[in-house]
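Hi,

Here is the structure I promised to pass on. Have a look at it first, and my notes follow underneath.

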Amino acid sequence: MDDFNWQRMRRRTRNWFEQHQRSTLPWRDSQNPYYVWISEIMLQQTTVATVRSYFDRFIQAFPTVHDLARAEEAEVLKLWEGLGYYSRARNLLKAAQQLVAETDGCFPSSPEELQKLPGIGRYTAGAIASIAFDERAPIVEANTLRLYSRLLAYTGDPRSKQGQDQLWQFAEQVLPRKEIGNFNLAMMDIGSLVCKPTEPNCPECPLQTDCRAFAQQLQHEIPLKPVKPEFTYTVDAAVVLWHGQHLALRQYSTEERWAGLWDFPRFSLDAGLDKARIERENGHLGRLNTRITQQLLKAIEREFHARFDFPIQTAEIVTQMKHGVTRYRIQLICTEAKVADDSLPPDKNLTWVRPEELEKYPFSTTGRKLASLVQKRQKDRLLF
DNA sequence: AATGCGGGGTT
DNA sequence: AACCCAGCATT
């Protein structure tokens, strides 16, 4: 670790940054801690390309931490719709309220204090401290994890405790004395644009002569990839349920995935379906013949009654979607239905809204797609 | 140390 | 279709 040529690495990193840095990123225009914070939270496990379109909208809606602190959670989630990892949005609001209450909205500048805010971990604390306040704080995230693993020729698992210790130690050692924020940004850009996951562009790399992986031609083996998790395949149902002119919606509780978001009544069909028999007779659930469709509709009516405690009458399968979350691959069967007995009191877990109100609610991505479809069908007078 | 949490862009 | 992404919190 001690025999790196730190001075040379810093010089070459800075020179490269002047020539090749990713510019025109809206959050790079200032060192406003609020902007840095919002962008860093949005960028957690999320690509720059995806965040671009969300950042400006968010800042426009909540220009300062005070504006954010006053917001309703649903407003924040609405702006987060489609971005994923929604606890980020809920923590953002909590942290904003905490900051306003404790320091009148002023951000602490030290990583230790920043890390006390919900949603801010070691990386994000270091990023905000260095970028917004020029504190001498190290960072390790996806780009620098890859870059530093290769510079060190670290052949172990970089996500293990040992690996993390090595990488954070390197991240601290490599820091210059000033302009820490730009230096950290430079390292991330090198990791992102040059030291890429596949086909790292070693010939163009400013740190090639300092790279121990390159010296041993190990850049394709480092960093060690995590073993890929096995997928669990499940079938879910979503019901577009009409009660007169109103539709049933449900808000996910804090214990559920998509906590705080809204959706059409949705549940697993695995228990109510003889999947083995369906696959034997139908090949797979992708192409549904008439008989399988009837079987699905019956299963949905049965499962709905069991869960929400009143009967419905299904009409047809409106659409299907496939989507994945973490280690699940979900096939979602979307049906239209009406409450079987019109005099029945609405279930207290359900909220009844008019179709034109759908766009006000923050939905999960599949819920949003289904909501759009419902509105389109309504316009085309394809009402149930 | 393992696991849950999302969704879309890229290869 | 697999891979990857400016991680964090909980268990």
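Arg368 and Glu81 form a salt bridge, with their closest N and O atoms 2.9 Å apart. Please keep in mind that this is a predicted model. The count of salt bridges between domain 1 and domain 2 is one, while five residue pairs are in polar contact across that interface, both partners being at pLDDT 80 or more. Helix H5 (residues 73-80) gives the most to the side of domain 1 that touches domain 2, namely four residues. By class, that side of domain 1 has four charged, three nonpolar and one polar residue.

For orientation, the domain assignment of chain A places domain 1 at 6-215 and domain 2 at 232-379. Eight residues from domain 1 and 11 residues from domain 2 take part in the contact. Together the two domains bury about 690 Å², with 56% of it on carbon and sulfur atoms. Of the area that domain 1 buries against domain 2, 59% comes from Lys78, Glu81 and Tyr86, more than from any other three residues.

Now to the DNA. Strand B is surrounded by 15 residues, the closest being Gln45, Lys161, Arg257, Trp258 and Thr365. Of the strand B atoms that come within 4 Å of the protein, 57% belong to sugar and phosphate. An N or O atom in the side chain of Arg257 is 3.1 Å from a phosphate oxygen of the strand. Backbone atoms take part as well: a backbone N or O atom of Tyr85 lies 3.1 Å from a sugar or linking oxygen, and a polar backbone atom of Leu83 is 3.4 Å from a base nitrogen.

Best wishes

Note on methods. Residues are numbered from 1 along each chain as its sequence is written. Chains are lettered from A and ligands numbered from 1 in the order in which they are written. This is a predicted model: local features need pLDDT of at least 70, side-chain atom pairs count only at pLDDT 80 or more; totals for chains, interfaces and linings use all residues. Side-chain values use heavy atoms; hydrogens and water are left out. A residue is near a molecule or strand if one of its heavy atoms lies within 4 Å of it. A polar contact is a pair of N or O atoms within 3.5 Å; within protein, one must be able to donate a hydrogen and the other to accept it, and residues adjacent in sequence count only if both atoms are side-chain atoms. Domain bounds come from an automatic or database domain assignment. Contact means heavy atoms within 4.5 Å. Buried area is the accessible area (1.4 Å probe) that two parts lose on being put together, summed over both. A salt bridge is a side-chain nitrogen of Lys or Arg within 4 Å of a carboxyl oxygen of Asp or Glu. Helices (H or I, at least four residues) and strands (E, at least two) are DSSP runs, numbered from the N terminus. Ala, Val, Leu, Ile, Met, Phe, Trp, Tyr, Cys and Pro count as nonpolar, Asp, Glu, Lys and Arg as charged, and the others, Gly among them, as polar.
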